[in-house]
Structure formats: structure tokens, C-alpha cells
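Student: I have a structure to read and would like some help. Where shall we begin?

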Amino acid sequence: MRWWTKRHLERVLGYVEKGQAEGASLVLGGDRILKDSGGYFMAPTIFDNVKNKMSIATEEIFGPVLSVISFDTIEEAVGLANDNAYGLGAAIWSSNIDTALSAARRLRAGQVWINNYDASDLSVPWGGFKQSETGRDKSLHAFDEYTGLKATWIQIR
């Protein structure tokens, strides 16, 4: 699907409707903006009181929609994060580096950012786990994804 076509905007707006219908609280945004420009732009959108099984928490929206899921303990947070079909990226914000590193080890995500989000470098492999498993791109590890190794055995008489 091409990004920010009318069809894509309608798809993302459909998730806003689903989120509200499933009981999440719309805190900010949730509608189309800048209609006069002729583009298909959407306001940044925030939902609170999201449950881990709601559509806006379990499906990839590919739009400016943030779903806030509250937790009480780091164990609960890791459990919530791992309890879905995807595992491309995760982010942790903490003043306690030991807690952050412990959680990062337990998260089933291909990238884990601590106290930042979306840092990247060509020398670091990119890929995920579960349904986000696309192999590994970038870095020397990508060669294994883009080449097919073959062994050929020859007997010389």
C-alpha cells in the first residue's frame, strides 16, 4: 500500500474508531488535518487505557497513533511487550541501567533502545522476531540473507 493515500488514511482512521469501540480512551488527535492542502494527513493520536488484546495494541497501524498500556512492575511490562505477534523493536526509558539491561535481555525484539528511540547504524544488523522476522538486513549479517551458499563436491580421478 502506498503511504498516505486516501485509502491508507481511511485505514488508520478505522483504527481510531476501533480503539474507541474497544474501550480505549482517545486523549489527543484522531482525525484528519490539513484537508485544504490536498494531502492525506492525520493528527498525532494518543490512546490511554489500552488493553493488550485491543486491535490498536496487537496490529501494526503504520500511522501516528500511540497506544499507552499501563503496568505496575518491570516483569509485567516485559510480559505485556512479549505477548504479541510482533517483535521488531522495543524501547525502554529508565534511570536504572541495570533494570533496563535486564528488561532488554528478556524482550523478544530485534532491536531494543534504552533511553532513546530509532538510533541506527549501517554496521548493526536490523531484523525482528516472531511475525516481524524478516531475516537480518544491514551489516555483514545481511550477506547471509542475500546470498545462497552452496557446497560443490568434486572427485578428481
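Tutor: Begin with the lining of the largest pocket, in what is a predicted model. Its residues divide into 26 nonpolar, 11 polar and three charged.

Student: How many residues line the largest pocket, and which lie nearest its centre?

Tutor: The lining has 40 residues. Nearest the centre are Ser-67, Ala-81, Gly-89, Ala-90 and Ala-91. The space in this pocket is about 1,600 Å³.

Student: Which element gives the largest share of the lining?

Tutor: Helix 3 does, with six residues. Other elements that supply at least two residues each include strand 7 (89–92) and helix 4 (97–106).

Student: Now the cores. Which residues form the largest nonpolar core?

Tutor: That core has 12 residues, among them Leu-9, Val-12, Met-42, Phe-47 and Ile-61. Its largest share, four residues, comes from helix 1 (residues 6–21). Another core, of eight residues, lies apart from it and includes Val-78 and Ala-109.

Student: What is Val-12 in contact with, leaving aside its neighbours within four places in sequence?

Tutor: Its contacts are Trp-4, Met-42, Ile-61, Phe-62, Gly-63 and Val-65.

Student: How do I read a pair of aromatic rings?

Tutor: Use two values: the distance of the centres and the angle of the planes. Here the count comes to one aromatic pair. The ring centres of Trp-113 and Tyr-117 are 4.6 Å apart and the planes are at 55 degrees, so this pair is tilted.

Student: Is Trp-113 buried or exposed? And Tyr-117, buried or exposed?

Tutor: Trp-113 is buried, at 6% relative accessible area. Tyr-117 is exposed, at 55%.

Methods:
Residues are numbered from 1 along each chain as its sequence is written. This is a predicted model: local features need pLDDT of at least 70, side-chain atom pairs count only at pLDDT 80 or more; totals for chains, interfaces and linings use all residues. Side-chain values use heavy atoms; hydrogens and water are left out. Rings of Phe, Tyr and Trp (its six-membered ring) pair if their centres lie within 6.5 Å; planes under 30 degrees apart count as stacked, over 60 as edge-to-face and the rest as tilted. Buried means under 20% relative accessible area, exposed over 50%, partly exposed in between (1.4 Å probe, protein chains only). A nonpolar core is a set of buried Ala, Val, Leu, Ile, Met, Phe, Trp, Tyr and Cys residues joined through side-chain atoms within 4.5 Å. Contact means heavy atoms within 4.5 Å. On a 1 Å grid over the protein atoms alone, a cavity is a set of points where a 1.4 Å probe fits but cannot get out, and a pocket is an open set with protein on both sides within 12 Å along at least five of seven lines; lining residues have an atom within 4 Å of a point. Grid points are joined across faces, edges and corners, and a volume is the space filled by probe spheres set on the points. Ala, Val, Leu, Ile, Met, Phe, Trp, Tyr, Cys and Pro count as nonpolar, Asp, Glu, Lys and Arg as charged, and the others, Gly among them, as polar.
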